Amino acid sequence: TDAAIRLIETLAYEDSEEVRTILENVILLVNVVQNPDGRVLGTRSNANGFDVNRDFFTQSQPESRITARIFAEWNPMVVLDLHGFVDPMLIEPCTPPHNPNYEYDLYIKWALAQAEAMEAELVAQTDETEAIIPYRDWDLGWDDWPPSYTPMFAMYHGAYGHTLETPHRDERGVDAHYATVWGALKFVSENKDEMLHDQIEIYRRGLLDLLQQPIPPELLPTYPQYQDLIIQDFPAAYVIPPGAPFQVSPHQPARFVDFLLYNDVQVEQASQGFSLNGVDYPKGTYVVWLDQPKRGL
């Protein structure tokens with residue numbers, strides 16, 4: 001929170017060449033505090049006892065729902081989530097296992113380079129001498145499989161998502177977060193056209209139902225054996241009948257469809273009954289075609 005406030009003040013009041021370059025090239029949204037209850041109470045959980053950073057694929061809490069809606073509306077190119085506490089500072093991308101529904105070859109191409117740019121800015125601005133980048137430095141142990149984390153959920157919307165973990169619980173932690181975010185802003189300012197091109201390629205692959213691509217071998221120096229495991233061939237569609245005899249209640253499928261629509265997934269509804277694989281489905285059956293931009297989600 002303090003690093004976010006400092007960042008806002010710098011961009012609002014300073015007139016350096018770096019500030020002007022960032023403001024000319026970046027639209028920046030700042031969620032100053034994702035957990036206001038915990039900020040006041042001194043707890044990781046919110047006032048309902050939930051860890052909001054485990055809630056993004058459930059969205060049971062207002063904090064996660066609001067942020068998920070921002071992802072759906074803005075399709076942010078980069079998402080940085082500021083956390084503590086890992087020593088030395090940790091800057092994602094992650095180790096395996098990777099979620100197979102991400103277009104990981106496009107993500108890692110920019111996420112790794114941006115992480116190293118953030119590391120360089122951390123070293124330049126603070127007394128820190130190094131950072132941990134799990135993808136680069138560890139074989140296992142810090143993965144991006146669960147979509148319940150904030151940046152991991154944002155990756156479904158095409159974002160280059162990073163969790164940043166400062167080692168310090170004092171002003172040094174504020175300095176570290178501020179420096180890493182500054183490094184990311186500079187990196188985006190220099191590479192935004194190419195990064196945006198590859199974000200759009202994520203949507204294009206989904207829309208055209210193209211097979212996922214393997215991660216380039218040069219980006220997998222420590223575990224090339226994982227390359228063949230991340231290629232995902234998606235089904236044509238999911239068929240969700242609305243009620244009996246398929247469902248116990250019509251409420252849950254309707255609630256699920258509302259969830260999909262809220263998160264920017266396209267859903268159609270059959271205007272008449274149809275048969276598929278020997279099963280007769282009634283009028284009103286929901287169909288989620290996977291030839292759509294956010295097929296991974």
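1. Let me start at the surface: Ile27, Leu29, Ile66, Ile70 and Trp74 make up a nonpolar patch there, and together they offer about 530 Å² of accessible area. Patch members have over 30% relative accessible area and no salt bridge; like charges are joined within 9 Å, and nonpolar side chains (Val, Leu, Ile, Met, Phe, Trp, Tyr) within 5 Å. Areas are Shrake-Rupley values with a 1.4 Å probe, and for residues only the protein chains shown count as cover.

2. Before going on, note that this is a predicted model, where local features need pLDDT of at least 70, side-chain atom pairs count only at pLDDT 80 or more, and totals for chains, interfaces and linings use all residues. Residues are numbered from 1 along each chain as its sequence is written, and side-chain values use heavy atoms, with hydrogens and water left out.

3. Back to the patch. Ile66 sits in helix α4 (residues 62-74); helices (H or I, at least four residues) and strands (E, at least two) are DSSP runs numbered from the N terminus. Ile66 counts as exposed, at 53% relative accessibility (exposed is over 50%, buried under 20%, partly exposed in between, with a 1.4 Å probe and protein chains only).

4. On to charges: the structure has 20 salt bridges, each one a side-chain nitrogen of Lys or Arg within 4 Å of a carboxyl oxygen of Asp or Glu. One of them pairs Glu116 with Arg136 at 3.6 Å, N to O. That pair ties together distant parts of the chain, 20 residues apart, with Glu116 in helix α5 (residues 104-125) and Arg136 in helix α6 (residues 134-137). Glu116 is partly exposed at 35% relative accessible area, and Arg136 is partly exposed at 30%.

5. Arg136 also has a salt bridge with Glu119, where the closest N and O atoms are 3.0 Å apart. Here too distant parts of the chain are linked: Glu119 belongs to helix α5 and Arg136 to helix α6, 17 residues apart. Glu119 is buried, with a relative accessible area of 14%.

6. Next, look at Lys294 and Asp264, whose side chains form a salt bridge at 2.7 Å, N to O. Lys294 lies in the segment after β10 (286-289) and Asp264 in the loop between α9 (251-262) and β7 (268-269), so the bridge links distant parts of the chain, 30 residues apart. Lys294 is buried at 5% relative accessible area, whereas Asp264 is partly exposed at 35%.

7. Finally, a network worth displaying: Glu103, Asp105, Glu201, Arg204, Arg205, Asp209 and Arg295 are joined into one by salt bridges that share partners.
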